[in-house]
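Hi,

Here is the structure I said I would pass on. Have a look at it first, and my notes follow underneath.

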Amino acid sequence: MSKLLLIDDEADVQYSFQRIFDSPEIELTTASSGEEGLKLIPRLKPDLVVMDVRMGGMTGLETLRRIRQMDSRLLVILMTAYGTTQTAIEAMKLGAYDYLLKPFDVPKLKEIIAGALKAANDMRQVVSYQPLLEKEDYELGIVGRSEPMQQVFKLIGQLAASDATALITGESGTGKELVARAIYHHGNRSQQSFLAVNCAAIPEQLLESELFGHERGAFTGATMQRIGKFEQCHRGTLFLDEIGDMTPATQTKILRVLQSGTFERVGGNQPIEVNVRIIAATNRPLEEAVAKRQFREDLFYRLNVVRVQMPALRDRKADIRLLVNYFFKKFGREQQQHPKSVGPGVIKLLEKYHWPGNVRELENVIRRALVVAKGDAILISDLPAEIAGDNSSSGAPPAVSDSAHGHSGDIQGLARQLFQWARKDPKLKVIPAVERELVIQALKESNGNQVHAAKLLGITRATLRKRIGKFGIQRELTIQ
Ligand SMILES: Nc1ncnc2c1ncn2[C@@H]1O[C@H](COP(=O)(O)OP(=O)(O)OP(=O)(O)O)[C@@H](O)[C@H]1O
Ligand SMILES: [Mg+2]
């Protein structure tokens with residue numbers, strides 16, 4: 001739950017906030033003056049303050065100044081009925097997160113507040129870059145003891161001690177975002193804001209305005225002036241994620257901020273000065289994009305001041321066991337009853353796999369295994385087919401074509417396993433799926449001879465024909 005503090009002397013505004021934010025996720029507290037708000041903050045520890053600029057007694061700007069002195073990371077949104085650029089700039093200079101024009105548009109208000117609460121939450125998440133192992137406090141750590149991870153930890157330490165631009169590269173799911181947060185948390189700017197922008201998730205036209213803001217009337221639909229992330233993040237750290245997906249126009253603008261520390265809002269002509277530390281990340285090979293002229297070379301060099309190359313999980317297999325341990329603890333807390341150990345052969349299989357989705361994939365595999373496992377331990381059969389697959393079937397293939405009675409135990413085991421898979425994949429309908437595979441196998445075994453295949457399957461030739469038609473198998477087998 002997030003705590004929202006509204007400071008406004010108008011009863012009407014307090015009342016509408018109570019109506020708008022009547023939700024279990026938000027706890028709203030109201031204060032009628034700057035003085036009252038300042039008294040409440042240390043006790044309440046709000047996640048976000050929304051405050052009017054014009055109030056009797058202490059003004060909003062003065063209150064904002066005092067809030068900054070108390071806690072420079074507390075996010076404050078100012079509301080003003082007088083949408084002059086002057087107040088807005090003044091507010092942003094004092095470190096307001098954003099400002100709203102009154103009367104406000106409710107969906108817009110909700111959106112801005114949700115965005116601010118998310119940013120507040122991002123900043124709160126504590127990240128440790130100590131190689132985690134036996135520590136009790138596993139919360140959001142970066143796990144790893146392997147040589148490549150030791151290098152990463154060293155770089156995080158060095159980056160935290162400086163203000164240099166950092167570029168974090170590596171395959172998807174290797175922990176780039178985790179590292180960006182760690183640099184922030186251990187750095188000089190940890191008392192200022194940390195904002196993240198995913199350049200790939202935002203449509204091209206919106207990205208520029210998200211980053212740099214826009215002036216009213218800059219384009220159709222720009223009915224209000226907007227403050228972008230660079231301005232919101234003044235003195236703080238901006239995490240530009242998936243930077244390889246930016247368009248050339250945005251690249252040019254980013255380059256300019258990096259070079260001169262200034263930019264203009266979209267549709268504006270007044271240069272705005274900011275001091276923002278950039279941490280960028282991408283899973284695209286940027287050197288290749290530069291060679292293909294999809295990414296500006298000068299921007300690449302600007303970003304690539306310090307490079308953190310995240311190792312793929314397959315290149316640090318020694319850490320797999322640690323990570324499994326870590327995810328056991330992490331998810332164990334979410335589940336009351338859960339397996340406590342890992343069965344024989346499981347770690348070996350996990351170490352053999354190539355992990356295209358890296359740590360994220362391992363995390364998901366363990367999360368699922370903990371749910372589907374029946375007993376005290378995670379078994380090979382609790383792993384997805386792509387990991388356990390050939391291993392569990394080549395281990396003891398039940399010879400169905402022989403006298404089935406002698407193998408009923410195997411068949412039961414096989415059936416159990418099929419249901420494990422079916423549980424993980426809700427689209428898998430067991431009987432049709434198995435029937436189809438059996439028919440194909442039987443036809444292969446008998447080189448397409450339908451009489452033999454029917455005999456292997458223990459069905460009549462007519463039934464076999466119907467199955468072939470039903471599953472559309474014919475073509476596959478005549479090709480082979
Ligand atoms: N070393 C690690 N220790 C513990 N958890 C990790 C580690 N690396 C990654 N994770 C976890 O794996 C998931 C993916 O990490 P993250 O989002 O940082 O990856 P990413 O490199 O940014 O991926 P993408 O390129 O897909 O955005 C997260 O849940 C993160 O907590
Ligand atoms: Mg990421």
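Bear in mind that this is a predicted model. I'll begin with the empty space: the structure holds one cavity of 30 Å³ or more. That largest cavity has about 40 Å³ of space in it. If you want to pull up its lining, select Ala-160, Ser-162, Asp-163, Ile-183, Tyr-184, Gly-187, Asn-188, Arg-189, Thr-237 and Arg-277. Sorted by class, the lining comes out as three nonpolar, four polar and three charged residues.

Two of those lining residues, Thr-237 and Arg-277, lead on to the sheet. Thr-237 belongs to strand S10, which covers residues 237-241, and Arg-277 to strand S13, which covers 277-282.

The sheet itself is open and has five strands, in the order S7-S10-S13-S6-S14, with parallel pairing. Its edges are strand S7 (194-198) and strand S14 (306-309), each of which pairs on one side only. On average, and ignoring direction, neighbouring strands here are turned by 20° against each other.

As a general reminder, strands of a sheet pair through backbone hydrogen bonds, either parallel or antiparallel.

S10 is the strand I spent time on. On one side, S10 pairs with S7 in the parallel sense over five bridges. Within that pairing, Val-197 sits opposite Leu-240, and Asn-198 has Asp-241 as its bridge partner. S10 also pairs with S13, again in the parallel sense, this time over four bridges. There, Leu-240 has Ala-280 as its bridge partner. Leu-240 therefore turns up in both pairings, opposite Val-197 in S7 and with Ala-280 in S13.How enclosed is S10 by the rest of the structure? Five of its five residues are buried, so S10 is largely enclosed. Both of its faces are covered: Thr-237, Phe-239 and Asp-241 are buried on one side, and Leu-238 and Leu-240 are buried on the other. In a regular strand, side chains alternate between the two faces of the sheet.

One last item is helix H6 (residues 147-160), which lies across strand S6 (166-169), S13 and S14. Relative to S14, H6 runs at about 150°. Ala-160, at the end of that helix range, is also one of the residues lining the cavity.

Cheers

Note on methods: Residues numbered from 1 in each chain as written. Chains lettered and ligands numbered in written order. Predicted model: local features only at pLDDT ≥ 70, side-chain atom pairs only at ≥ 80, totals over all residues. Heavy atoms only, no water. Pairing = 2+ DSSP bridges. Helix = DSSP H or I, 4+ residues; strand = E, 2+ residues; numbered from the N terminus. Axes fitted to C-alpha atoms, helices over the stretch in contact; angles between N-to-C directions. Contact = heavy atoms within 4.5 Å. Buried < 20%, exposed > 50% of the residue type's maximum accessible area, 1.4 Å probe, protein only. 1 Å grid on protein atoms, 1.4 Å probe; cavity = no way out; pocket = protein on both sides within 12 Å on 5 of 7 lines; lining within 4 Å. Points joined across faces, edges and corners; volume = space filled by probe spheres on them. Nonpolar A, V, L, I, M, F, W, Y, C, P; charged D, E, K, R; others polar.
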